[in-house]
Amino acid sequence: MRLPHGSLTPRQGLLLALLAGLTVLGNVSVVPLFFSIQFLLGSIAATFTLLWRRGWWNVAFTIVASLYTWKIWGHPWAIVIFGAEALWLAVFVNRFSGPPQNDLKGRLILADIAFWLLVGTPLVFFLYGHVLHIDPANVAVVAAKQVVNGIANTVVAFLLFVLLQVRRNWQGQGLLPLRGLVFSLVLAAITLPSLGVTLRSGNLLQSATQQGVLENLRSVGEAAARIDPLQLGEPSRGLPASSGATAFLLIDNEGTRISSNPGLFLRLEDNFSPASPEHILVSGLQILVPRGNSPALKVWVNGYWSTTLTSARYLVQVVQPAAPMVLSLQEQSTSLLLTVMWMMLVGVLLSEVVATVVEGQMQTLRLSLLETPRSPALNGSLASEAPAASSRIVEVQDLASRLQEQHRKVAQMSQDFTDVSARLKQCSERQRLLSSTDPLTGINTRSNLEHVLKRVAQRSRSCSVPLSCLAFSVHGLRPINTLHGMQKGDEILRHLIASVQQFLHANDELFRLGGSAFLVLLWDQRLESARTTAEQIRKVVSETDLPPCDGSLPQLTMNAGMSLLAASDTTGQEMFSRVELALNQSRDLGTNQVVVR
């Protein structure tokens, strides 16, 4: 029972304090979905308070409870978004909803949907994307999660409020409008199962992803444990690149450390620490994240998956950059949340339509019964009204059957849409892989350069690791193509690139720019070390076996350009431009020339 804004009994004051505590508890007891993507349940109690008492208590409760997000997410902007939602709903209920009985019609949910469409989602993209500089994949999944979380909490608060009115109705303390009851039943039947499926699917998706990462790390670790230390070559260089930019550290019984990437493991020990175990669903797996006060969403993309194995000779630690898998998981999570969001919107709109139709039909039935003439002389007056009432009831039952069938069709269409979206995503991913991989050499193509260059440059800056770029072109294949055919020339080029890949690092990236021009991103190498790599490539090029041409044995040559990533170059494009210019200048100087810019 509502009281005027100014009056508050001791019992209601106690209930108000309890709701304030539940608001805080709902934000503290988060429901994890993905990495730093969590459902907060605090606004359920705050919105219920708004429906119960009106006023502005929900705004104060929400702001106080949202302070906890500053701690778990590392930034204050969630407080702004949640506070704006609470204020929007309070203004709607107190100024535009009308008398209190209108609160049972479910219009508050439509107001919340309007908030997320007009204010909430743009705020998320601005604050997370432009203020915090979070990557687009994480911004998208946060926006989708916030919409689903906000609307779901409002729906649950409304359903709890309706249940309270049902209880009061059973006790004879008030009437429950038919419209509110129908709206609640249809909404609960659609929304609650969708939320349950979302939580379950998110858990399974993350678990399967982490299990795949762990299996890959263990495979590399088991292979590393069987390695002869003499195969490692120069201690500063380590082993050739392994699949997925994976690196390993071997520690023998005497404490001697043997690593495929010594610099990386030193940085991990100095600047990284294991994340909280609550984010890991698979036993034996860890994720190492940078120390410091950074927004949580920035932490994961700069982290490393890690696992530790024990063999007869070594203690083996294997690590792998977390960014590719985390971003892929966030993209899949966004698709899942968007599907649930559309299901919720359809559920709200369908509930509104069903409630309106049923209310209209019952109003028609009521008017028909009232307008039926009654004769005092007939004891069977009720019997004369029965056919008309029975006819109306049959119409309502038929309408309910049609609505149920329509709901079944909507659910089937949603499932079909989900299946088609999944197939389209798979096709798109296959097409992307085909377009980003050179069919001759199996390395990256130029179409994939901009994306990879930006990612590696940002990782280089965040880890304070030097990044060099080496572009080289191979000369001398034209006579072979002319005399022995293009197939022979392709075979030589394929063998040449395979030889170059043998001494590249795990984190190096190799691209074919076109023809016989190539580019290498050299991770953790300054220009002095990059010159050594260029000399190694030149030696491989010059020693490549070639078939005779016109009685002579030809020899391949190369030209190269190099540059180092500057601190102000956030995307690596400036470095790439310098490397292209350096490569052109080296060609003007003659064969086997290297130009640094």
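The following is a friendly exchange about how some descriptions of this predicted model are reached.

User: Let's start broad. What makes up the secondary structure of the protein, and how many residues count as buried?

Analyst: Happy to start there. The secondary structure comes to 16 helices and 14 strands. Of the 597 residues, 46% count as buried. The accessible surface is about 29400 Å², and 60% of that belongs to carbon and sulfur atoms. As for contacts between residues at least 6 apart in sequence, 70% join residues at least 24 apart.

User: How do you know that the length of helix α14 agrees with what a helix should span?

Analyst: Set the two values side by side. Helix α14 has 16 residues, 486-501, and at 1.5 Å a residue these should span 22 Å. The C-alpha atoms at its ends are 23 Å apart, so the two agree.

User: Which residues of α14 are buried, and why say they are on the same side?

Analyst: The buried residues of α14 are G489, I492, L493, L496, I497 and V500. They cover an arc of only 130° around the axis, and therefore sit on the same side of α14. Q487 and H495, on the other side of the helix, are exposed.

User: What do the buried residues of α14 pack against?

Analyst: Their partners are the strands β10 (467-475), β11 (509-514) and β12 (517-523), together with the helices α13 (478-484) and α15 (527-542).

User: Let's try α16 in the same way. How do you know that its span agrees with the expected one?

Analyst: Helix α16 covers residues 573-589, which is 17 residues, and these should span 24 Å at 1.5 Å a residue. The end C-alpha atoms are 25 Å apart, so the span agrees.

User: Which residues of α16 are buried, and why are they said to line one face?

Analyst: They are M575, F576, V579, A582, L583 and S586. Seen down the axis of α16, these residues fall within an arc of 120°, so they line one face of the helix. The buried residues of α16 pack against α12 (449-462), β10, β11, β12, β13 (557-564) and β14 (594-596). Just after α16 comes G590, with a positive phi of about 120°.

User: Why is T557 called buried, and where is it?

Analyst: T557 has 15% relative accessibility, and buried means under 20%, so T557 counts as buried. Its place is in strand β13. Leaving out residues up to four places away in sequence, T557 touches S473, V474, H475, V541, T591 and N592.

User: And why is Y68 called partly exposed?

Analyst: Y68 has 26% relative accessibility, which lies between the 20% limit for buried and the 50% limit for exposed, so Y68 counts as partly exposed. Y68 is found in helix α3 (residues 57-73). Not counting residues up to four places away in sequence, Y68 touches N27 and V28. The C-alpha atoms of Y68 and N27 are separated by 7.0 Å, with their positions 41 residues apart along the chain.

User: What makes R54 and D524 worth a look, and why is one called buried and the other partly exposed?

Analyst: Neither is a glycine, yet R54 has a positive phi of about 55°, and phi of D524 is near 60°, also a positive value. R54 is in the loop between α2 (42-53) and α3, while D524 is in the loop between β12 and α15. At 10% relative accessibility, R54 is under the 20% cut-off and therefore counts as buried. D524, at 26%, falls between 20% and 50%, so D524 counts as partly exposed.

User: What makes up the nonpolar patch on the surface?

Analyst: The patch is formed by L15, L18, L22 and L25, which together have about 350 Å² of accessible area. To place one of them, L18 is found in helix α1 (residues 10-28).

User: Last one: where is P274, and what is it in contact with?

Analyst: P274 is in strand β5 (residues 272-274). Leaving aside neighbours within four places in sequence, P274 is in contact with Q286, I287 and L288. P274 and Y304 are 30 residues apart in sequence, and their C-alpha atoms are 9.4 Å apart in space.

Definitions and conventions. Residues are numbered from 1 along each chain as its sequence is written. This is a predicted model: local features need pLDDT of at least 70, side-chain atom pairs count only at pLDDT 80 or more; totals for chains, interfaces and linings use all residues. Side-chain values use heavy atoms; hydrogens and water are left out. Helices (H or I, at least four residues) and strands (E, at least two) are DSSP runs, numbered from the N terminus. Buried means under 20% relative accessible area, exposed over 50%, partly exposed in between (1.4 Å probe, protein chains only). Contact means heavy atoms within 4.5 Å. Accessible areas come from the Shrake-Rupley method with a 1.4 Å probe; for residues, only the protein chains shown count as cover. The expected span of a helix is 1.5 Å times one less than its number of residues. The arc is that of the directions from the helix axis to the C-beta atoms. Patches are made of residues with over 30% relative accessible area and no salt bridge: like charges are joined within 9 Å, nonpolar side chains (Val, Leu, Ile, Met, Phe, Trp, Tyr) within 5 Å. A salt bridge is a side-chain nitrogen of Lys or Arg within 4 Å of a carboxyl oxygen of Asp or Glu.
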